[in-house]
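Visitor: Could you take me through one part of this model at close range? I'd like to start from a single residue pair and work outwards from there.

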Amino acid sequence: MNMASKSKYLPQRIACLSTESVEVMYALGEEDRVVGISGFTTRPARARKEKPRISGFSTARIDKILAVKPDLVLAFSDLQGDICRDLVKAGIAVHHFNQRSVAEILAMITTVGNLVGAQDRAAQLVAKLEAQIAIVREAAATLPRRPRVYFEEWDEPMISGIQWVSELIAIAGGEDVFSELAIKRSAKERIVEKSALVIRRPDIVLASWCGKKFQPARFYGRFAGHDFPALAANQVHEIKSAYILSPGPAAIELGLPQIANIIHAWANKAETQ
């Protein structure tokens, strides 16, 4: 079977219900097949101008998705489980991802490539991301000490970082102070108490409040009267949620270098003190 005859069996109208699947489709040069996107899509920016927004994240109107006539829907996470169920009942093919680790992010890219017949380009993208990870990991090996890092995904209640974030912190040279919680798939299982954070004494705080801008003054106010190294050294930093909280290429291309830069700046400052 030649490529021309094979291609007609591949999906041609793909609806993407989360930002990372849009990001991957564009990165593979397959954006023409995307017929609808999530309203929370951030990368690439032009996708928001080019494609109709057909869903939120945890909520969606099935009729709005059906209106773009997809022959495949790409979804993500257990939060979209009910949406996927209703789409399947409506006769739509769905591929439901649930990646939580760096390895699973790379596997997701490979799978999308397989689904759209862009295996070579997907392999190239994965190799590029793996190379970036290797460079950051190699640089981290030169650090004289690995800082203890707290990643805050939400403030009320306090929610610590999910697995891929914890792994990226480790790759960049840090130690996630709540690494034992990172493997928990539910945000509710990653809720932490102020007292627990104070006891673990992070050297660096990284914050990325999902869906809203981080406010340092609120963080410092929350810990008024408490003491740990990150507060004393003013090592409280925001990482934009679009850079780190989507389990796609952006987390590695944008989030990982930012984490590494913060950690290396901390290490350089610590050496001079």
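Guide: Sure, let's start with a pair across two strands: isoleucine 37 sits opposite arginine 53 of β3. Bear in mind throughout that this is a predicted model. The strands β2 (residues 34–38) and β3 run parallel and are joined by two bridges.

Stay on β3 for a moment, as serine 55 is in that strand too. Buried or exposed, then, is serine 55? Its relative accessible area is 10%, so with the cut-off for buried at under 20%, serine 55 counts as buried. Leaving out residues up to four places away in sequence, serine 55 touches Leu17, Ile37, Ser38, Gly39 and Ala60. Ile37 turns up again in that list, having just appeared opposite arginine 53.

Now zoom out to the sheet. It is an open one with five strands, ordered β3-β2-β1-β4-β5, and the pairing is parallel. The edge positions go to β3 (53–55) and β5 (94–97); each has a single partner strand, so one side of each lacks a neighbour in the sheet. On average, and ignoring direction, neighbouring strands here are turned by 25° against each other.

Next, the helices on the sheet. Helix α2 lies across β1 (14–16), β2 and β4 (72–76), and runs at about 135° to β1. Helix α5 (residues 81–89) packs on the sheet as well, where it touches β4 and β5, and its direction makes about 165° with that of β5.

Follow α2 away from the strands and you get to another helix. The axes of α2 (residues 19–27) and α6 (residues 102–116) come within 10 Å, crossing at roughly 60°. That angle makes α2 oblique to α6, and the crossing is right-handed. On the α2 side the contact is made by Glu20, Val24 and Met25, and on the α6 side by Met108, Ile109, Val112 and Val116. Sorted by class, the contact has six nonpolar residues, no polar ones and one charged residue.

One last stop: alanine 118, in the loop between α6 and α7 (119–140). Alanine 118 is buried, with a relative accessible area of 2%. How far is alanine 118 from methionine 25, in sequence and in space? They are 93 residues apart in sequence, and their C-alpha atoms are 9.6 Å apart. Methionine 25 is one of the α2 residues in the contact with α6. As for alanine 118 itself, setting aside neighbours within four places in sequence, it is in contact with Leu28, Glu30 and Gly113.

Terms used: Residues are numbered from 1 along each chain as its sequence is written. This is a predicted model: local features need pLDDT of at least 70, side-chain atom pairs count only at pLDDT 80 or more; totals for chains, interfaces and linings use all residues. Side-chain values use heavy atoms; hydrogens and water are left out. Axes are lines fitted to C-alpha atoms, for helices over the stretch in contact, and angles run from 0 to 180 degrees between N-to-C directions. Helices (H or I, at least four residues) and strands (E, at least two) are DSSP runs, numbered from the N terminus. Angles under 35 degrees count as roughly parallel, over 145 as roughly antiparallel, 65 to 115 as roughly perpendicular and the rest as oblique. A crossing is left-handed if the near helix is turned anticlockwise from the far one by less than a right angle, and right-handed if clockwise. Contact means heavy atoms within 4.5 Å. Ala, Val, Leu, Ile, Met, Phe, Trp, Tyr, Cys and Pro count as nonpolar, Asp, Glu, Lys and Arg as charged, and the others, Gly among them, as polar. Two strands pair if DSSP finds at least two bridges between them. Buried means under 20% relative accessible area, exposed over 50%, partly exposed in between (1.4 Å probe, protein chains only).
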